[in-house]
Amino acid sequence: MPKVGVLTGGGDCPGLNAVIRAVTRTAINNNWEVIGIKNGWRGLIDKDYQTFNLESVSGILPKGGTILGTSRTNPYKKEEDVEKVKITYKELNLEALIAIGGEDTLGVANRLFQEGLNIVGVPKTIDNDLNATDYTFGFDTAVNIATECIDRLHTTAESHHRIIVVEVMGRHAGWIAVYSGLAGGADVILIPEIPINIEEVCQLIEKRHSRGKTFSIIVVAEGAKFKNAKEVLKDQEVDEFGHVKLGGVSNILGKLIEERTGYETRVVVLGHIQRGGTPTAFDRILATRYGVKAMKMVLEKKYGKMVALRGNQIIDVPLQEAVAELKTVDLKIYEIAKTFFG
Ligand code: F6P
């Protein structure tokens with residue numbers, strides 16, 4: 001039987017198990033064997049894997065996280081690690097490998113493809129910042145979680161006549177902030193794509209209060225920057241792909257708002273709650289469609305490509321296109337959100 005490997009790399013997100021299940025079911029239906037590689041690229045370096053059967057993927061569709069485990073391992077950090085990845089791929093006698101991940105995992109996938117491995121990519125990330133696809137799976141779930149939190153924060157903010165600043169994830173793109181802020185009726189939304197102007201934020205709050213409102217909800221993306229300043233970092237550490245750890249912009253913003261407007265302000269950082277738990281129906285279906293298509297591409301030997309959503313069609317695009325640049329927020333949607341500011 002020909003063999004296909006599957007791995008999940010980078011930050012986890014809801015829908016990963018739905019892809020693994022769809023890949024496995026499609027592969028087994030076509031008499032292929034599936035090898036589940038543990039913890040992203042780390043599993044190929046450490047030879048940590050298992051053979052999947054129908055039972056391995058039974059019941060995992062609604063489960064968050066990934067049954068394979070994940071890591072932010074970058075095999076290109078050490079030459080011997082890339083070699084180990086290639087050796088394990090060969091020893092396992094893999095015909096192809098399906099890599100489910102974001103910018104980093106797919107960047108590695110693209111390099112390995114250029115160096116001779118047969119790879120198909122599947123775009124995952126709650127941040128929705130991958131190029132060449134309309135949506136990544138995981139994003140819809142994160143937006144729904146953040147929206148529910150914003151709804152809940154409305155009632156407490158209103159009861160106490162407070163400003164609440166809600167910090168959401170998204171790294172250097174404001175997709176989660178704009179979508180959850182728009183869906184949750186935020187009074188101001190701040191994103192990395194547009195520098196924060198604190199005077200303007202306070203004016204919008206004052207404008208709202210002048211028409212009788214006694215509370216406001218401000219949604220801020222973790223990567224949002226003040227004018228002429230850098231992003232706010234949790235600490236100075238970077239991961240194996242050189243990414244900084246974002247977090248804390250809401251604390252600075254909350255203090256400034258309270259100082260300047262005099263309104264009592266609270267800060268809520270949603271953090272990893274946005275990545276946990278069961279995927280929405282939209283993400284389950286998108287992830288399933290991606291998984292079936294990825295395995296079909298393996299059957300057709302269409303390598304060096306990623307599955308992508310365009311309109312309502314699942315298509316394939318070159319991996320190179322997906323990792324070429326970050327997909328930042330479409331400012332047309334931000335303009336719509338601005339209609340409801342203040
Ligand atoms: O890329 C997904 C993401 O959740 C980002 O939104 C966030 O900045 C980062 O991962 C957090 O990473 P970690 O899980 O390493 O704290």
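Biologist: How do the residues of the shell around the ligand divide into nonpolar, polar and charged?

Modeller: This is a predicted model, and its shell splits into two nonpolar, two polar and five charged residues. Ile and Met count as nonpolar, Gly and His as polar, and Asp, Glu and Arg as charged. The residues around the ligand are Arg-72, Ile-126, Asp-127, Met-169, Gly-170, Arg-171, Glu-222, His-272 and Arg-275.

Biologist: What makes the pair between Glu-222 and the ligand a polar contact?

Modeller: A polar side-chain atom of Glu-222 sits 2.5 Å from a ligand oxygen. The cut-off for N or O pairs is 3.5 Å, so this one counts. Arg-275 passes too, because an N or O atom in its side chain is 2.8 Å from a ligand oxygen. For Gly-170 a polar backbone atom does the job, at 3.1 Å from an oxygen atom of the ligand. Taken alone, the ligand exposes 400 Å², and the protein buries 80% of that.

Biologist: Which pocket does the ligand take up?

Modeller: The ligand takes up the space of the largest pocket.

Biologist: Which domains supply the shell around the ligand?

Modeller: Domain 1 (3-137 + 279-322) and domain 2 (141-276) each give at least three residues to the shell.

Biologist: How do you know that the two domains touch, and what separates their centres?

Modeller: Contact means heavy atoms within 4.5 Å, and by that test 19 residues of domain 1 meet 17 residues of domain 2. Their centres, taken over C-alpha atoms, are 33 Å apart.

Technical notes: Residues are numbered from 1 along each chain as its sequence is written. This is a predicted model: local features need pLDDT of at least 70, side-chain atom pairs count only at pLDDT 80 or more; totals for chains, interfaces and linings use all residues. Side-chain values use heavy atoms; hydrogens and water are left out. A residue is near a molecule or strand if one of its heavy atoms lies within 4 Å of it. A polar contact is a pair of N or O atoms within 3.5 Å; within protein, one must be able to donate a hydrogen and the other to accept it, and residues adjacent in sequence count only if both atoms are side-chain atoms. Accessible areas come from the Shrake-Rupley method with a 1.4 Å probe; for residues, only the protein chains shown count as cover. On a 1 Å grid over the protein atoms alone, a cavity is a set of points where a 1.4 Å probe fits but cannot get out, and a pocket is an open set with protein on both sides within 12 Å along at least five of seven lines; lining residues have an atom within 4 Å of a point. A molecule sits in a cavity or pocket if more than half of its atoms lie within 2 Å of its grid points. Domain bounds come from an automatic or database domain assignment.
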